[in-house]
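Here is a colleague's note to read alongside the sequence and the structure. The points go from single strands to sheets, helices and a pocket, and each can be checked on the display.

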Amino acid sequence: METKELTLEQFEEASEEVKKVTLETKLVYSEYFSAQTGNKVYFKPENMQYTGAYKVRGAFYKISTLTPEEREHGLITASAGNHAQGVAYAAKLAGVKAVVVMPTTTPLMKINRTKGYGADVVLYGDVFDEACDYAYKLAEEHGYTFVHPFDDLDVATGQGTIAMEIIKELPTVDYILCPIGGGGLCTGVSTLAKLLNPKIKVIGVEPAGANCMQVSLKEGHVVGLPSVSTIADGTAVKKPGEKLFPYIQQNVDDIITVEDTDLIVAFLDMVENHKMVVENSGLLTVAALKQLNVQKKKIVAILSGGNMDVITMSSVVQHGLIQRDRIFTVSVLLPDKPGELAKVSTLLAQERGNVIKLEHNQFVSINRNAAVELRITLEAEGTEHKNKIVQALFDAGYRPKLVQTTGGL
């Protein structure tokens, strides 16, 4: 397939264009992750953009390349959220009508925000790919200009302006970590980074449950996955962009995949150490830091977005605390006589275990010496502290059993 060349001139033009609509997202140095990895780690916080993600860059640059006739007909796109808001906001600023097709599973917050930026929202299909097919159909019926969320070289050029800003601010950057869904952001970032300095290594990061780019690179051509499963909904793409693929092949040095469980812990790390809310797709690069087998390098991790609804957030926090052994549940059997609960409470207090929840079941057995089951959900400082508490209960003769804690506690 013949590929159009992306030039430095185009990227420079796009950089000037997107400045009209973007907030300045200066690099944030991370002492916590630098200490963890033995590198100098910086974040590019695109979660702080006006629409909560980088997508406004590609959308606005794409609109700037349209003819007056195309603008008049209006735009249509498909998106699970961030691109939707980017297109809606960019279209509003450019005075162009926008229609957005979103999967029916899209969180309400993202739907309302997209409508809030002035776009017409159509809900269709269970996944992005179904919404996308329907958007193409509507574009044909109504004469709209279709703006693809990633498989469009103008959109990718707009997204690549992030690399321009990174390199201007940190010319000595060694590694740029970039999330990959369909590949638009990574195409723009990797292509421009290599044009400016071929020594910069660009690493794409995908969810393990949606690693369509990794599979495609291995096969040497674009491959569609039969299904995807990840909490990183913004990068839950079955098939990467055909037009983008040659650029990824040429300019991306490696692909790292990240498990959902690592994203949950990364969310907690970002909230606790940086006071930043980053959505799961944006956390891919944070979780990938520990997989980079390098030392004393300057690494920039792109935080692509921060649009996470509050219900998802609370669930992620709970699961993260459980995974880190900061919350756990233990079951003990007590003799059925007064004062036993006070003894357990005293022991837990001595071990500095903070009780969150107690369940007291008197009907677990007819043996009055071990007739009461007590389930205690506790807050601990981590695995070591948890083990110390459990050992203290064991030493006191309570025969503690750890109970699988769910996100609902």
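Which residues of strand 3 lie on one side and which on the other, and are they buried or exposed?

1. Strand 3 is a good place to begin, with the caution that the model is predicted. Leu75 and Thr77 lie on one side of strand 3 and Ile76 and Ala78 on the other, and all of these residues are buried, which leaves both faces of the strand covered. In a regular strand the side chains alternate between the two faces of the sheet.

2. The partner of strand 3 (residues 75–78) is strand 4, and the two pair in the parallel sense over four bridges. Within this pairing Leu75 has Ala98 of strand 4 as its bridge partner, while Thr77 has Val100. Strand 4 (residues 98–102) is itself mostly covered, with five of its five residues buried. Ala98, Val100 and Met102 are on one side of strand 4 and Val99 and Val101 on the other, so that both of its faces are covered, given that buried means under 20% relative accessible area.

3. As to the overall composition, the protein has 16 helices and 14 strands, and 55% of its 409 residues count as buried. The C-alpha trace spans about 85 × 50 × 40 Å along its principal axes. If one takes the contacts between residues at least 6 apart in sequence, 72% of them join residues at least 24 apart.

4. One open sheet has six strands in the order 1-2-10-7-8-9, and its pairing is mixed. Strand 1 (28–30) and strand 9 (254–258) are the edge strands, each of which pairs on one side only. Averaged over this sheet, and with direction ignored, neighbouring strands are turned by 30 degrees against each other. Helix 9 packs on the sheet, where it touches strand 7 (175–179), strand 8 (201–207) and strand 10, and its direction makes about 165 degrees with that of strand 7.

5. Within the six-stranded sheet, strand 2 (residues 40–45) and strand 10 (residues 298–303) run parallel and are joined by six bridges. A reader who wishes to check the register may look at Lys44, which stands opposite Ile302 in strand 10.

6. Another open sheet has four strands in the order 12-13-11-14, with antiparallel pairing. Its edge strands, which pair on one side only, are strand 12 (354–361) and strand 14 (401–403). In this sheet, too, the average turn between neighbouring strands is 30 degrees when direction is ignored. Strand 11 (residues 327–334) pairs with strand 14 in the antiparallel sense over three bridges, and Val330 stands opposite Leu402 in strand 14.

7. Which strands do helix 15 and helix 16 lie across? Helix 15 (residues 340–350) lies across strand 11, strand 12 and strand 13 (372–379), and runs at about 25 degrees to strand 13. Helix 16 (residues 383–395) lies across strand 11, strand 13 and strand 14, and its angle to strand 11 is about 0 degrees.

8. Cys212 may be of interest to anyone planning to look at individual side chains, and it lies in helix 10 (residues 212–219). Is Cys212 buried or exposed? Cys212 has a relative accessible area of 0% and is therefore buried. When residues up to four places away in sequence are not counted, Cys212 touches Gly181, Glu206, Val223, Leu225, Val237, Lys238, Lys239 and Pro240. Ile302, by contrast, is 20 Å from Cys212 in space, C-alpha to C-alpha, and the two are 90 residues apart in sequence.

9. The largest pocket holds about 630 Å³ of space. It is lined by 36 residues, of which Ala80, Asp233, Gly234, Thr235 and Ala236 are the closest to its centre. Helix 5 (82–94) and helix 9 (184–196) are the elements that give two or more residues to this lining. How many residues of the lining are nonpolar, polar and charged? The lining of the largest pocket divides into 14 nonpolar, 17 polar and five charged residues.

Technical notes: Residues numbered from 1 in each chain as written. Predicted model: local features only at pLDDT ≥ 70, side-chain atom pairs only at ≥ 80, totals over all residues. Heavy atoms only, no water. 1 Å grid on protein atoms, 1.4 Å probe; cavity = no way out; pocket = protein on both sides within 12 Å on 5 of 7 lines; lining within 4 Å. Points joined across faces, edges and corners; volume = space filled by probe spheres on them. Nonpolar A, V, L, I, M, F, W, Y, C, P; charged D, E, K, R; others polar. Pairing = 2+ DSSP bridges. Axes fitted to C-alpha atoms, helices over the stretch in contact; angles between N-to-C directions. Contact = heavy atoms within 4.5 Å. Buried < 20%, exposed > 50% of the residue type's maximum accessible area, 1.4 Å probe, protein only.
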